[in-house]
Amino acid sequence: MILHLSQLYSLSRSGSFSHLSNRKDSLQKEREELESILKTSKEKLIYGIHTGFGPHAFTSNEELDLIQKSLVYHLTVEPVLSKEGIPHSNLTHEEARVVLAARLYSLSLGGSGIRYETLDVLNQLLELDCIPILPERGSLSASGDLIPLSYIPLALLGESGFTGKGKELGPTKQNGKTSKISGLPWTPHPKEAISLTNGTSFTTALLGYQVVTFRNLFLQSIELLQYLFHYHSVFPDAFHPAYHNHKQFSGPKLIAKFLHPIVSKNPKSKVEGKRIQDIYSVRCIPQILGAVWDEIESIGGVVEQELNSLSDNPVLIHTDGREETRYRFAEGGGFYASQVSFAADRLQNAMAVWCTWADRFLNYLFDPKENNEFPLMLSAKPGTFAGLSGLGLMSAHLTAEVRRDSMPGSMQSIPTNGNNQDIVPMGAISVLRNRRTVTSVTKLLSIFSYAVYQSSLFAKRKELVPDCELFRGLKTMDVDRSLDFEIQTLIDRISNSTSSLAMTPID
């Protein structure tokens with residue numbers, strides 16, 4: 001099985017992994033190898049099993065189970081619940097689901113040595129929608145997403161809380177650590193707490209969730225262009241498929257495929273004495289949005305590679321046959337999220353470019369000297385009514401904010417952990433920033449949507465204006481009024497709909 005982004009996104013709402021039982025025999029054999037290593041190996045300095053963690057990994061200990069609990073306890077420093085058991089501001093339920101799903105899937109690939117029974121418990125939590133509450137902060141995307149992921153084993157121990165429809169099923173301090181779920185509360189065996197904690201699944205899962213979300217928002221913006229270009233004329237050559245065959249990039253060709261059939265039916269004609277090309281925000285739509293599309297697809301591919309990899313340390317590797325067991329533990333940096341940290345910054349940059357284009361295209365719709373059809377600020381009576389001037393101001397604010405936030409997180413390394421973690425990729429701060437940007441993109445798309453809808457009021461050929469479900473029940477604006485209802489309605493509809501242009505991501 002390959003975990004695609006479309007499947008990960010589906011797991012944000014419901015479901016579990018039906019394939020896990022097929023992995024039972026191989027996972028149990030690995031666990032037996034681990035137990036054999038612990039019993040027979042002369043090596044008593046295996047990281048995170050015999051030793052402490054980070055800078056404390058220098059001496060052997062006999063309390064192997066206690067070491068695992070020590071890992072969980074020293075990392076769970078971010079309050080997720082009040083004393084009364086009320087959740088603080090943490091990951092959303094959907095985000096926590098994808099993180100749990102990603103961690104479970106990564107460990108199910110083998111090489112960790114974790115017990116099958118522990119993974120089965122995690123799968124039950126997914127199925128029953130009883131999801132550990134996870135904090136937003138505390139990961140440097142190296143040594144694993146430590147603090148956020150540590151709240152998974154803490155919840156299994158019955159010392160934290162859960163979210164979701166089945167949240168009452170989990171063991172908590174409030175219910176005396178009792179649970180109807182088999183295997184809970186849980187006791188970690190050697191290597192298990194570090195396996196749950198020492199991976200990239202927080203950074204990777206959140207980035208994957210954001211890629212699919214932005215991909216859908218992006219395609220909805222293309223749908224709005226299709227709606228607009230039914231009645232508003234632009235020069236069609238910029239969208240002609242043959243024009244884009246001179247380059248190898250697939251994104252511009254896809255955008256042209258979506259838009260040329262529409263712009264070619266109602267083309268703008270060249271007139272002597274007037275400009276024969278549209279401004280860049282129109283003419284270069286295939287290049288601008290096509291490049292954004294190519295970035296989305298490329299970033300999605302990186303995320304899928306990491307989703308389908310084991311991220312842990314140490315990991316079991318095959319021996320060359322001269323040793324007493326078929327496996328041994330190897331220590332390294334398999335918890336290090338470099339690629340997804342770079343990819344998180346790339347997604348931010350792609351969203352910033354989309355925001356810049358959307359703001360400039362709004363300016364095109366607001367400027368009669370450029371669009372040659374619509375009045376100033378899409379006002380029904382320029383000079384008396386301000387029209388969509390307020391939406392233009394909000395668009396500029398959102399775009400500036402997104403651009404300000406586009407400093408790469410992947411180069412913000414700060415040494416920590418007794419200088420054990422002396423260089424870290426910081427992808428988690430990038431995905432948290434991306435969450436804010438996705439919210440801004442959604443709001444900007446709602447502004448963009450209303451502006452396109454308002455432009456239909458002034459279409460020279462109103463018979464060409466198509467119906468659009470997105471605008472059902474909304475009204476264009478003749479006299480200035482508050483637009484808060486319209487914008488909130490559009491935000492809700494955009495957030496809860498899937499573009500008709502959407503295809504299964506990266507499949």
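Does Lys 177 count as buried, partly exposed or exposed, and at what relative accessibility?

## Lys 177 and Met 377

In this predicted model, Lys 177 counts as partly exposed because its relative accessibility is 34%, a value that falls between the limits of 20% for buried and 50% for exposed. Lys 177 sits in the loop between β2 and α7, and its phi is near 60°, which is a positive value in a residue other than glycine. Such a backbone setting deserves notice, because most residues other than glycine have a negative phi.

Met 377, which belongs to the loop between α14 (368–371) and α15 (389–404), is likewise not a glycine and has a positive phi of about 55°. With a relative accessible area of 21%, Met 377 is partly exposed.

## Cis peptide bonds

Most peptide bonds are trans. A cis bond, however, joins Leu 184 and Pro 185, with omega at about -5°, and Pro 185 is placed in the loop between β2 (162–163) and α7 (192–197). Another cis bond, also with omega at about -5°, joins Asn 313 and Pro 314, and here the proline, Pro 314, lies in the loop between α12 (285–307) and β3 (315–318).

## Packing of α3 against α6

Two packed helices are described by the angle between their axes and the distance between the axes. For helix α3 (residues 64–75) and helix α6 (residues 146–156), the angle is about 125° and the axes are 8 Å apart, which makes α3 oblique to α6. The crossing of these helices, α3 and α6, is left-handed.

On the α3 side, the contact is made by Val 72, Tyr 73 and Leu 75, while α6 contributes Leu 146, Ile 147, Ser 150, Tyr 151, Pro 153 and Leu 154. Sorted by class, the contact of α3 with α6 comprises 8 nonpolar residues and 1 polar residue, with no charged residues.

## Aromatic pairs

The count of aromatic pairs comes to 14. In one pair, the rings of Phe 361 and Tyr 364 have their centres 5.4 Å apart and their planes at 40°, so the pair is tilted; planes under 30 degrees apart would count as stacked, and those over 60 as edge-to-face. Phe 361 and Tyr 364 are 3 residues apart in helix α13 (residues 338–366), and are therefore separated by about one helical turn. Both Phe 361 and Tyr 364 are buried.

Ring pairs also link Tyr 227, Tyr 231, Tyr 450, Tyr 453 and Phe 471 into a cluster.

Terms used. Residues are numbered from 1 along each chain as its sequence is written. This is a predicted model: local features need pLDDT of at least 70, side-chain atom pairs count only at pLDDT 80 or more; totals for chains, interfaces and linings use all residues. Side-chain values use heavy atoms; hydrogens and water are left out. Axes are lines fitted to C-alpha atoms, for helices over the stretch in contact, and angles run from 0 to 180 degrees between N-to-C directions. Helices (H or I, at least four residues) and strands (E, at least two) are DSSP runs, numbered from the N terminus. Angles under 35 degrees count as roughly parallel, over 145 as roughly antiparallel, 65 to 115 as roughly perpendicular and the rest as oblique. A crossing is left-handed if the near helix is turned anticlockwise from the far one by less than a right angle, and right-handed if clockwise. Contact means heavy atoms within 4.5 Å. Ala, Val, Leu, Ile, Met, Phe, Trp, Tyr, Cys and Pro count as nonpolar, Asp, Glu, Lys and Arg as charged, and the others, Gly among them, as polar. Buried means under 20% relative accessible area, exposed over 50%, partly exposed in between (1.4 Å probe, protein chains only). Rings of Phe, Tyr and Trp (its six-membered ring) pair if their centres lie within 6.5 Å; planes under 30 degrees apart count as stacked, over 60 as edge-to-face and the rest as tilted.
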